[in-house]
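Q: Could you take a close look at one part of this structure for me, and then walk me outward from there? I'd like it in plain bench talk.

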Amino acid sequence: MAEDLQLQSYVGKSFPIKPKLKPKAKTLSQTPESKYWTSFKPHQIPNLVSSIQSLDFSPNPPHLFAAAHSTSLTLFSSKTFTQHSVINSFKDVVTCSSFRSDGSLLAASDVSGLVQVFDVKTRTPLRRLRSHARPVRFVKYPFLDKLHLVSGGDDGVVKYWDVAGESVLSNLLGHKDYVRCGDCSPVNSEVFVTGSYDHTVKLWDVRVENSKSVMEVNHGKPIEDVMFLPSGGLLATAGGNSVKIWDLIGGGKMVYSMENHNKTVTSICTGRVGKEGGDEAMQYRILSVALDGYMKVFNFGKMKVTHSMRFPAPLMSVEFSPDCMTRVVGSSNGIIFAGRTKKKENEEPVVGNFWSLGRVEENRKPTLRPSYYRYFQRGQSEKPKEWDYVVARPKKVKLGEHDKLLKKFRHKEALVSVLNGKNPENVVAVMEELVPRRKLLKCVSNLDNEELGLLLGFMQKYSTAPRYSGLLMGLMKKVLETRAEDIKSSDALKGHIRNLKRSIEEEIRIQQYLQEIQGIISPLLRIAGRGI
Amino acid sequence: MIRGGRSYVSSPPAFSNDAKRLLVCTANTVSIFSTSTALQISSMEGHTAPVTTVIVVPASSPANNILCYCWTASLDGTIRYWDFSVPELLKTINIKIPIYSMVIPSLLGLPADSNEKQPNLFAYVSLKDTRETISKKHKSKSEIPIGQICKCNLTESRLVGGVTLAETKVSEPITISSSGKYLGITKHQRLSIWKVPDTETERVVLRKITLHHTKRMTVHAFHPIQRIVAAGDSTGRILIWRGFGDKTFASGEGLVGGKIMSNDEDKPGVRDNDDVDSCTTWHWHSSEVNVLFFSSDGAYLYSGGKEGVLVVWQLNTGRKKFLPRIGSPLLYYTVSPDPSLSSISCADNQIHLLKMPSLEILKSISGIKFSCSLLEEYEGFGSGVAFDNSSALVALRTDKYCVQFYSLFDDRGISEVKRECRLSERARSPLLLVQVCERNHQPGDDVTVVVTLVALSQDGSMMSTVEVKLAEEGIGGLVCLKFWASESQNKKFTLSTIIYEPHRDACISAVAFHPTRRAAVSSSYGGDFKVWVCNDELEQKDVMLQSSGWTCHAVGSYKKKAITAAAFSADGSTLAIAAETVITLWDPDKNVLVAVIGESLTPIVMLSFVGNSEYLVAASWGSKPQLSVWTMSKLSVYWSYMLRVEAVACAADLSSFAALALFPKSSKCQESIGTTFQGRDGVILLFNATDPVPVSTWSARKAKGGALSFLQVGHSSIEENISGGKPPQTLLAYMNSDHEYVLFDPYGEEIHELNVIPQKDLVDPEERRQFGYASIYGELPEFDLKRDQMSWVPSVPSEKPWETIFSGSSHNLPPLTKLCSAFLESLLEKRTAVVE
């Protein structure tokens, strides 16, 4: 019986034309993770004055972020990437900024050596901390500490501040060069690290009396950025072309060195991947940006670079929002490459609430009666169970406009309609279908001037593409032979022909170059082969 | 010996009176199919040449529906009368002239009173006259009319002498109106119509009219009620003449109604003052019309042609309805006594059963596909036939971009015992089609997309096809190599890999599968060969196991010569590649040239290893054809013949091989062969590889384009057919260019005549459904006057009732109460007078 059906399906069946199949790549082009990272919809914030020295997200929703550039600090909305407010009360270039853990205060440092604390809402400077003799490069609020600040600068001194009294509680000495970066431990409010151009990262504890560093690791290159990993036991340092991961609990042992960047890594931050509560719980990644314009995503669980993105400018800073929705990258020429993803997690708690409400409602759900409209719709949207035998409706063959025209043997109309459709694969497929019907050249000779222009435009665009050139080159010759008169008489068509000529010449040039390269390589290969 | 693969569409089929069976002319036999299952039930064998006509004797009343008599006519010059329910031959009339077409008008007319003496039954036959007497009359040779329309007295079994209705250059089919009153033939641009006389005798003169047209007419049909005739011509026009023969035929009928033609202006569209009222022309078909038929009520006209579209015309308005995309040219349309069933025969050897008003295809009876017509340049590709040795399947390329799988054993029913399990297979096998490329049927004039090669792996689980799209003036040609894989059970092939232009734009000369591994080799005229490997074998350890695909493993070439043939040895360790005239041996794994052996005179087209032995058979065509056997141990030619070999088959485990050789074409040979072999143009030779003397030979017809293969015989399939004796281990299958095939045991001393048991009725009783009036009200009771009279007889009172009351059969006796009184009364003395 099934064979009968099958046989009958041949009778009266119509096949839509299909473009040639493309070879599939052997490896998946996108891993789930790179799919995640590319799901951030790109958005550019241009026209900031100079390089983006630092970026910082507010820990509070709606997660404003502060971008330090030139002598101002701009707050942006992380949802729309529009400018929220600007703080301009700086005398010199702003180097670093940090939100307090409750998000209401913002500390910023500048090249003049001044550290200022602002109210985020009113943008007024509340405190001015002046003690550094040289430019301050790093300022940070300790973890869950509202009263103190840590700062470091080109004078090589790390200072621990009492913000309210505008006084330095301790000067931490030890660095022999500029202090460029630092981070506070995510588990302890008294522990922090600073990195310096003397190639070392020092771990400080303010509870230690003699103001000496607790631990010191040597990166080997001037350190551009340092960061605690979320566990607090691991440390990541960026300097030179490498990012290194250190085990602090194990006594400052280097765990891994990632050397995937070609130029100096300028900034690192932690990002998160995966769904909350899914089978893959949230996983942390290191995002690193460098002057070579690449942002790399590093999985420090598997010690593997999982994604890499290229930006068209040297990158200076990177930050990932606490709600995992926004990623911002600052470049050296004043552009912020922001990205925002759509997330369902936002709705999930809402759905959860509804669900609990829904269960209550379900108990009270009135039984359907024939007087209800829904009574007649009941069961229509029912999904088949696993064990149900599904009587499938025969799939309707969807035919495009050109297919319908081909079925009616209106070949020229089919060709024109597909040429208007802008899908080169379909155009070539229709041409390939016309060949066995022996109608392609007839179609060409029937085209009027406007349609011929369309065809020539298509040819100019695609005749040098390797996938189509086999057919299109031959066809182009025939078109030029048969329609020479029409082309001569029309200026528009002449223009098309000129463009065509240009693209052909370019292709010939490319081919010559390739042959030259082949000429260079093949003796080398031969020699190499002989050597073996 | 098993024969099969016949054409179902050589002549129009016929329905039985109850429309449950369809009688199909299949070469020398008439096969009977059930219309409900589309399976063959039985066959009538007896004719010695192809059967051309089958006519079922119609039932005069619904009760006689079960009558199963039919007349058949054949090219062997006999007309036979059968009871096809049994099936049994009842009568043979030998008229010794090939019959192309036959009609019997009196069968269709009103049934005569049965009491009268049966008049002679006359048939009109279209003959192909080969008698020498004709040529004496006509001096110039080209004028010889071959076809003749004659009358034949079926009752007395002879041709009616002297009555020749027409002579034609070719034998034309005769058409008859459904009432049996008119019959006609088309003769080039003329249509001749005769009126059948009401009372047929031998010497009655038939009146004739001729209708003219400017184009060659191909087909015509009569209206069932009115005097309308429709004809289709070679340009696709349909002409409808209304009221033909008013003048000529009217005088005899007497019911013309006084409207005899007065002047010529009233005849629109009529040519040459023909005897018709009017002529209208419809034009939809783009090429010649092959099918023309009026519906039984005369309201619709069905037409069809090369486009493969059945068109239904409303006769009065000319409105059209279509059944499109039948997929191949239509040949015949047959109506059944059941008004809801009809059949169309298609050129691809299929008969579709249509549900009538809705034009819905209910069932299809499909035979083996015919070999497709190829262009000259692609004829060198051999027959396009691949055999699956183990399961006795043959894969054929067809011209509808399909490959058909046909089970050789199951063309006929083989055994009764195994029917249950074989039934499913049979239902499957002729139907299995693989659509090689998804294209709609194009009713173009020339074939532009051709499946040129089909190859099957030894276990039948993999198939590869090569299709070529011919270029239009040098643009857009494409060669495509496809690999298919089948699920183990149902032989349904799914596409695995498509390779566009596997050897750039060069054509592929051969594809061969590795005997044990999942690998194949393809060779091209462009001068290289490629070894393909199925992917999943290589990467099984990979975690992300991809869907299996074929990738190129190695490319090789020999002095840039065209590679013309390729073959793997039986263990797969050696790959033999023919580079034009040289045979080269390769290691398929490492792609290393192992040895080069000798040269033939002309390019080699076929290579084959002989079983497990060290011999290699090569065949070359061209001006000096050769069949040569090479030994691998000495790398030299062992023996050779100058023979043009069409096909070579090697048994898997034996050291013998069979070759199909064509007779040489030189005229001298041709004459001698023509007399001795009677149209046989080839010979099958069975060789032992070590011995140049053939073990046995058979001659064959239509050998050009034929194919040969050894088949492994499973014990289940054929064991029980051979009464006594050991079953043969291998059978040799020979398929000729028309795809008719024969299977036989090449080692038997005599050809075993396998007991072919005709299948019994496969129709189960519940399928005997009723239709029309009977479906609503049930069968009408037979209304018989005589019985009433008979039953009335005993109750007539008579003087001596005891003499009559018990006469007659017991069930005709009147009731006992009535009998008793009469009987007792008869015993009593009757008083003549009233006692006072």
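A: Let's start at Thr341(A), which sits in the loop between strand S28 (336-340) and helix H3 (347-364) of chain A. Keep in mind that this is a predicted model. Being in a loop doesn't put Thr341(A) out in the open here: its relative accessibility is 7%, and the cut-off for buried is under 20%, so Thr341(A) counts as buried.

What is Thr341(A) in contact with, leaving aside its neighbours within four places in sequence? The list is Ser39(A), Phe40(A), Cys324(A) and Met325(A). There's also a long jump in sequence to Thr38(A): Thr341(A) and Thr38(A) are 303 residues apart along the chain, yet their C-alpha atoms are 8.9 Å apart in space.

Phe40(A), one of those contacts of Thr341(A), leads on to the aromatics. Phe40(A) belongs to one aromatic cluster with Tyr36(A), Trp37(A) and Phe320(A).

Stepping back, a search of the whole structure turns up 36 aromatic pairs over all chains. Take Tyr462(A) and Tyr468(A): their ring centres are 6.1 Å apart and their planes sit at 80 degrees, so this pair is edge-to-face. Tyr462(A) is partly exposed, at 21% relative accessible area, while Tyr468(A) is buried, at 10%. Over in chain B, the rings of Trp282(B) and Trp313(B) have centres 4.7 Å apart and planes at 10 degrees, so that pair is stacked. Those two tryptophans tie together distant parts of the chain, with Trp282(B) in strand S21 (residues 278-283) and Trp313(B) in strand S24 (residues 310-314), 31 residues apart. Both Trp282(B) and Trp313(B) are buried.

Back in chain A, there's a helix pair to look at too. The axes of helix H6 (residues 411-420) and helix H7 (residues 424-434) come within 9 Å and cross at roughly 165 degrees. Angles over 145 degrees count as roughly antiparallel, so that is how H6(A) runs relative to H7(A). The crossing itself is left-handed. On the H6(A) side, the contact is made by His411(A), Leu415(A), Val418(A) and Leu419(A). H7(A) brings Asn426(A), Val427(A), Val430(A), Met431(A) and Leu434(A). Sorted by class, the contact between H6(A) and H7(A) comes out as 7 nonpolar and 2 polar residues, with no charged ones.

Technical notes. Residues numbered from 1 in each chain as written. Chains lettered and ligands numbered in written order. Predicted model: local features only at pLDDT ≥ 70, side-chain atom pairs only at ≥ 80, totals over all residues. Heavy atoms only, no water. Axes fitted to C-alpha atoms, helices over the stretch in contact; angles between N-to-C directions. Helix = DSSP H or I, 4+ residues; strand = E, 2+ residues; numbered from the N terminus. Parallel < 35°, antiparallel > 145°, perpendicular 65-115°, else oblique. Left-handed = near helix turned anticlockwise from the far one by under 90°. Contact = heavy atoms within 4.5 Å. Nonpolar A, V, L, I, M, F, W, Y, C, P; charged D, E, K, R; others polar. Phe/Tyr/Trp six-rings, centres within 6.5 Å; stacked < 30°, edge-to-face > 60°. Buried < 20%, exposed > 50% of the residue type's maximum accessible area, 1.4 Å probe, protein only.
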